[in-house]
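Q: I have a new structure open and don't know my way around it. Can we go through a few side chains and a helix?
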Amino acid sequence: MDRELNPPEAGAGNRLAQGWLATLPRLHAKLAHCPVSTPSGRVTRATGLVIEATGLRLPVGAACRIEIQGSEQAASAEVVGFDGHTLYLMPQQDTSGLRPGARVSAEPAPCEPDDPAGGQGRRLPVGEALLGRVLDGAGNPLDGLGPLVGAEYAGLVTPPVNPLSRAPIADVLDVGVRAINGLLTVGRGQRMGLFAGSGVGKSMLLGMMARYTRAEVIVVGLIGERGREVKDFIENILGPSGLARAVVVAAPADVSPLLRLQGAAYATRLAEYFRDQGRDVLLIMDSLTRYAMAQREIALAIGEPPATKGYPPSVFAKLPMLVERAGNGKARADGRFGSITAFYTVLTEGDDQQDPIADSARAILDGHIVLSRSLAESGHYPAIDIEASISRALTALIEPAQFQQVSRFKQALSRYQRNRDLIAVGAYAAGNDPQLDEAIALYPRLADYLQQDLGQNVGYPEAVAHLGTLFPKMKHG
């Protein structure tokens, strides 16, 4: 860069002079996108989570810095709204020591003409250098392994993919879990919801899929969870083998709601980066509910009225904007394409499946896996409620013979569960219902099929073959 900016010494060769002159148009194009000054304003009010400032004209989403008395470093903030000439700012960290009239300035914009955020958004690290690392929602390392050497930088804002240019979901993704592979088959590029209350084994199931899924890259977003669970998930559930091909973005419950939102967007942006390179990515987001709660905190703080059970309308607008970024990428001329297969956990408070976030997520996802508390309490792991779960891409992924076996499995299981109390007390006499008799005979094998040890990996071919042994007469159609 110094060589480009400093003119050649007197008497240098014509070739050096011509090379220096050739760089002038490129330098001029870069400098045209760099700010010539840094505008600033003043803090006029700080109430709850929101800081009000005047004297600045910045768009929503712009990054700012707020001077804090007694601190050498300024606090990072983001414009989340405005009212006339007043900007509403949401800080990313603690603002203890903030005083009236504190200076607020815009963060220097990156000098990149093709910046999708228009030079106002944050640019965070992406790339191969992040594999095996644990980062916070702002892209800073949390694992103590030093700086991200060799990382690239990209904005969080990306243009939406044209739905007509996306490759269809046509290939099975092996997740290593027998019940999902055989009965709730997931396709490459599908977006699934994992609906569960607290303490029913959703983290264990996520860890199994992270370790056993046939994906090249894993991106894990731990959004709004307890800090203790972050380390436990990385060390005990994901494990060293899973972390080696993964990037973990952790924005626990004790960080600002803005950083929780950014952490979810950052994890999705990392998945998009690897997908655009033509790679298959597994995106695990835990949880979508905490993401919605973070948006609710921000929306209520800036005065947006609540609508459904305390959730403002912007929450239900943000969810599809995040989820739709996952999925298959554009098909190239050779037919190959990258993909993001996403699993989003959804917390159902009190196991209420009609929770507004759960209901909204169910409508925008490509299927849902429901975990049952009663199954978990009986020692049944993974505690998947097959009757309440569905994969919307199932019929496009499996053969008709397997679909018949899946239907037969669910019918037999449902028939047994509806009559379970009668069977338990001996009120049912064998021979009265041949179909129920068959369900009673099959139930031990059905229950065994649905259970799997945490350290066991059951591939897709093995799961399908095992399903065929349950209904041998239907194995060939």
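A: Start with Arg279, keeping in mind that the model is predicted. Arg279 is buried, with a relative accessible area of 18%.

Q: Why does 18% count as buried for Arg279?
A: Because buried means under 20% relative accessible area, and Arg279 comes to 18%.

Q: Which residue does Arg279 form a salt bridge with?
A: Glu128. The closest N and O atoms of the two are 2.2 Å apart. The pair links distant parts of the chain, 151 residues apart. Glu128 sits in the loop between strands S7 and S8, while Arg279 sits in the loop between helix H6 and strand S13.

Q: And Glu128, buried or exposed?
A: Partly exposed, at a relative accessible area of 41%.

Q: What does Glu272 pair with?
A: Glu272 meets Arg325 in a salt bridge, at 2.9 Å from N to O. Glu272 is in helix H6 and Arg325 is in the loop between helix H8 and strand S14, so the pair ties together parts that are 53 residues apart in sequence.

Q: How accessible are Glu272 and Arg325?
A: Glu272 has 4% relative accessibility and counts as buried. Arg325 is buried too, with a relative accessible area of 16%.

Q: Where do Arg362 and Asp359 lie?
A: Both are in helix H9, residues 356–364. They are 3 residues apart, about one turn of the helix. Their side chains meet in a salt bridge, 3.2 Å from N to O. Arg362 counts as buried at 17% relative accessibility, whereas Asp359 is partly exposed at 40%.

Q: Which residues do shared salt bridges join into one network?
A: Asp171, Arg188 and Asp280.

Q: How many salt bridges does the count come to?
A: The count comes to 15.

Q: Changing topic: how many residues does helix H14 have?
A: Helix H14 has 17 residues, 434–450. From its first C-alpha to its last it reaches 24 Å, close to the 24 Å expected at 1.5 Å a residue.

Q: Where is the kink in H14?
A: At Leu442, shortly before the proline Pro444. The kink is about 50 degrees.

Q: Which residues of H14 are buried?
A: Leu442 is one of them. The others are Leu436, Ala439, Tyr443, Leu446, Ala447, Tyr449 and Leu450.

Q: What covers those buried residues of H14?
A: The cover includes helix H3 (178–183), helix H12 (400–418), helix H13 (420–424) and helix H15 (460–470).

Definitions and conventions. Residues numbered from 1 in each chain as written. Predicted model: local features only at pLDDT ≥ 70, side-chain atom pairs only at ≥ 80, totals over all residues. Heavy atoms only, no water. Helix = DSSP H or I, 4+ residues; strand = E, 2+ residues; numbered from the N terminus. Expected span 1.5 Å × (residues − 1). Bend = angle between axes of the 7 residues up to and from the residue. Buried < 20%, exposed > 50% of the residue type's maximum accessible area, 1.4 Å probe, protein only. Contact = heavy atoms within 4.5 Å. Salt bridge = Lys/Arg side-chain N within 4 Å of Asp/Glu carboxyl O.
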